[in-house]
Amino acid sequence: MLGPVILAASRSDKMRRFVSAAPGTKQVVDRFIAGETVDQVVPIVEDAADKGLEVTLDVVGEDITTPAQAEAARDAYLELVERLKDLELGPRAEMSVKLSMFGQALEGGHELALANVRPVVEAAAAIGTTVTLDAEDHTTLDSMFAIHEELRKDFPQTGCVIQSYLFRTEDDARRLSAAGSRVRIVKGAYKEPASVAYQDKAEIDKAYVRITRILMEGEGYPMIGSHDPRLIAIAQELGRRAGRKLDEYEFQMLYGIRSEEHVRLAAEGHRMRVYTAYGTDWYGYFMRRLAEKPANLLFFGRSILTKG
């Protein structure tokens, strides 16, 4: 399978240099990355709002090796909050953060990440929006969930992400599906060992359905992160069976993928949120998008061949 190979390449400096220098890279990166600066992403937020869509914004970048870099990541999000405030776009745009960007992997990383992310969550709340903590590899999750629990004491709208390919996730979903919670369910996009995660796509999909049912039957607010038409249809049916109104859960899809489906779901009355990444350190995010779907890799390969 190509997915694990691509995920391994996402951690290779040699592959990073090769992909960055490839002639067709920019064309493909531009499909998934909304821009490099806040100024470039604001029009996308405004366009989404005009179409009845909402967004979640992710400032990409994961190779944090110093506390100063973690503080810079914090400041990039604070800058984003200020721009959303000035444009009165807070209610249409939330933010997604990876705690690795806030120093989670450094010495004393748990406390450092909490200290850096808290002002971002506070600033987001002040403009009428919120933050969702993205899930990363399984070794980081206990820390992420603990930070999530701590932030919710003051900012109960803070969301988190769970991944269906991990064996632990059904138990996590039951714990997290209480009233007031906001939980995004995704399949998972990190290379994980067979000791902690399903390796077969069919098993991952079955787990996704089981977890979606838990969230829909719970008292929280499910956020269905998927581009799979079958899983989307199943989620709609599970929501109907659970007696949920269309505004009592939402769908989330990536910027640049199935854009026509974004508009269709919104037109049906669903809340539809577009996960929109921007920034200069795009490599890790980009490689995971290639790993998730073979068609993305084929598109990239054709672009390199036609531009070479």
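This passage walks through a predicted model, starting with a central strand and moving on to the nonpolar core, one helix and the salt bridges.

A good place to begin is strand β2, which spans residues 93-97. This strand is mostly covered, with 5 of its 5 residues buried. In a regular strand the side chains alternate between the two faces of the sheet. In β2, A93, M95 and V97 point one way, while E94 and S96 point the other way. Residues on both sides of the strand are buried, the charged E94 among them.

Strand β2 has a partner in β1, to which it is joined by 3 bridges, and the two run parallel. Within this pairing, T56 stands opposite E94 of β2. Strand β3 (residues 131-133) also pairs with β2, again in the parallel sense and over 3 bridges. Here V97 is found opposite L133 of β3. To get from β2 to β3, the chain passes through helix α6 (residues 109-126), and this β-α-β crossover is right-handed.

The residue M95 leads from the strand into the interior. Leaving aside residues up to four places away in sequence, M95 touches T56, L57, Y77, L80, V81, L84, A124, T129, T130, V131 and T132. In soluble globular proteins, nonpolar side chains tend to be buried together. In this model, the largest nonpolar core has 75 residues, and M95 belongs to the group with the most contacts inside it, together with L57, V117, L133 and I162. The element that gives the most to this core is α9, with 8 residues.

Helix α8 (residues 169-176) offers a clear case of a helix with a covered side. Its buried residues are T169, E170, D172, A173 and L176. They lie on the same side of α8 because they cover an arc of only 160° around the axis. The cover over these buried residues includes α7 (141-152), β4 (159-163), β5 (182-186) and α9 (201-217).

Two of the buried residues of α8 are also partners in salt bridges. One of them, D172, is paired with R168, and their closest N and O atoms are 2.7 Å apart. D172 counts as buried because its relative accessible area is 6%, whereas R168 is partly exposed at 28%. The other, E170, meets the side chain of R174 in a salt bridge of 3.9 Å, N to O. Both of these residues lie in α8, 4 residues apart, which is about one turn of the helix. E170 is buried, with a relative accessible area of 17%, and R174 is partly exposed at 47%. Elsewhere, K187, K201, D205, D228 and R230 are joined into one network by salt bridges that share partners.

How many salt bridges does a search of the whole structure find? The count is 29. Side chains of opposite charge can pair when their charged atoms come close. One such pair is R271 with E54, whose closest N and O atoms are 2.8 Å apart. This pair links distant parts of the chain, since R271 is in strand β8 (residues 271-278) and E54 is in strand β1 (residues 54-59), 217 residues apart. R271 is partly exposed, with a relative accessible area of 27%, while E54 is buried, with a relative accessible area of 9%. Strand β1 thus appears twice in this account: E54 of β1 is bridged to R271 of β8, and β1 runs parallel to β2.

Technical notes:
Residues numbered from 1 in each chain as written. Predicted model: local features only at pLDDT ≥ 70, side-chain atom pairs only at ≥ 80, totals over all residues. Heavy atoms only, no water. Buried < 20%, exposed > 50% of the residue type's maximum accessible area, 1.4 Å probe, protein only. Arc of directions from axis to C-beta. Contact = heavy atoms within 4.5 Å. Core = buried A, V, L, I, M, F, W, Y, C linked by side-chain atoms within 4.5 Å. Salt bridge = Lys/Arg side-chain N within 4 Å of Asp/Glu carboxyl O. Pairing = 2+ DSSP bridges. Right-handed = clockwise from strand over helix to strand, strands pointing away.
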